[in-house]
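Subject: A structure for you to explore

Hi there,

Here is the structure I promised to pass on to you. Have a look at it first, and then read on for what turned up in it.

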Amino acid sequence: MQIWVDADACPAVIKDILFRAAERLKLPLTLVANRLLRVPPSPYIRARQVPKGFDVADRHIMDEVAAGDLVITADIPLAAALIEQGACALSPRGEFYSSENIRERLGMRDFMEGLRGAGVDISGPPALSQADRQAFARQLERFLAHHS
């Protein structure tokens with residue numbers, strides 16, 4: 001099992017949690033982004049820079065991920081594709097995407113995109129809270145306890 005991170009928009013505090021987990025459990029962790037990322041020196045942690053472009057990092061993750069791998073992403077269409085491929089997807093806020101909830105998330109995303117496209121001023125998600133960080137760490141630990 002490997003952990004992949006859609007790292008362009010992943011908060012630093014979430015990356016830190018992942019770095020500690022990868023080291024502690026000796027799990028391969030790959031961060032994928034279209035910019036240069038700094039990662040701690042480790043035989044388990046690596047960063048992969050992909051070319052700039054729409055969904056290039058997503059496509060790279062989709063090409064490399066295996067069934068049973070865990071992907072950290074806030075990208076709902078990517079999460080939906082990963083679930084179809086047999087991978088697991090966890091948001092930086094600690095919510096697992098599943099075949100049961102992904103359609104609702106996609107519908108809400110499309111609805112919000114439509115509102116924004118119509119000129120309705122809709123703010124983005126709130127800043128990552130301490131409760132979000134704790135929820136992420138708790139879900140990650142629970143997942144790793146069952147899959148590593």
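Let's begin with Arg93, which counts as partly exposed at 30% relative accessibility. Keep in mind that this is a predicted model. The side chain of Arg93 meets that of Asp132 in a salt bridge, with 2.6 Å from N to O. Asp132 is buried, its relative accessible area being 17%. The two residues are 39 apart in the chain: Arg93 sits in the loop between strand 5 and strand 6, and Asp132 in helix 5, so this pair links distant parts. As a reminder from your course, side chains of opposite charge can pair when their charged atoms come close.

How many salt bridges are there in the whole structure? A search finds 2. Besides the pair above, Glu141 forms one with Arg24, and here the closest N and O atoms are 2.6 Å apart. Glu141 belongs to helix 5 and Arg24 to helix 1, so this salt bridge ties together parts that lie 117 residues apart in sequence. Both ends are partly exposed: Glu141 has a relative accessible area of 34%, and Arg24 has 47%.

Now for the sheet. It is an open one, formed by 6 strands in the order 3-2-1-4-5-6, with mixed pairing. Strand 3 and strand 6 (96-97) are the edge strands, each pairing on one side only. Strand 1 and strand 2 pair in the parallel sense over 4 bridges. If you would like to find one of these contacts on screen, look for Ile3, whose bridge partner in strand 2 is Leu29.

Which helices should you look at next to the sheet? Helix 2 lies across strand 1, strand 2, strand 3 and strand 4, and runs at about 165° to strand 1. Helix 5 packs on the sheet too, touching strand 1, strand 4, strand 5 (88-90) and strand 6, and its direction makes about 160° with that of strand 5.

Helix 2 covers residues 56-64, and Val56, Ala57, Asp58, His60, Ile61 and Met62 are buried in it. These buried residues pack against strand 1, strand 2, strand 3 (45-49), strand 4 and helix 3 (76-84).

On to the inside. The largest nonpolar core has 24 residues, and Leu18, Leu29, Ile72 and Leu140 touch the most other members. Two or more residues each come from strand 1 (3-6), helix 1 (12-25), strand 2 (29-33), strand 4 (70-72) and helix 5 (130-147). Helix 1 gives the largest share, 6 residues. Leaving aside residues up to four places away in sequence, Leu140 touches Ile17, Leu18, Ala21, Leu70 and Leu90. Another core lies apart from this one; it has 18 residues, among them Ile76, Leu78, Leu82 and Ala87.

Last, the cysteines. How many disulfides does the structure hold? The count is 0. Cys10 is in no disulfide, and the nearest cysteine sulfur, in Cys88, is 17 Å away. Why does Cys88 not bond to Cys10? The 17 Å between their sulfurs is too far for a bond. Their surroundings are worth a look as well: Cys10 is buried, with a relative accessible area of 8%, while Cys88 is partly exposed, at 22%.

Enjoy exploring, and send me any questions you have!

Best wishes

Technical notes. Residues numbered from 1 in each chain as written. Predicted model: local features only at pLDDT ≥ 70, side-chain atom pairs only at ≥ 80, totals over all residues. Heavy atoms only, no water. Core = buried A, V, L, I, M, F, W, Y, C linked by side-chain atoms within 4.5 Å. Buried < 20%, exposed > 50% of the residue type's maximum accessible area, 1.4 Å probe, protein only. Contact = heavy atoms within 4.5 Å. Disulfide = S-S within 2.5 Å. Pairing = 2+ DSSP bridges. Axes fitted to C-alpha atoms, helices over the stretch in contact; angles between N-to-C directions. Salt bridge = Lys/Arg side-chain N within 4 Å of Asp/Glu carboxyl O.
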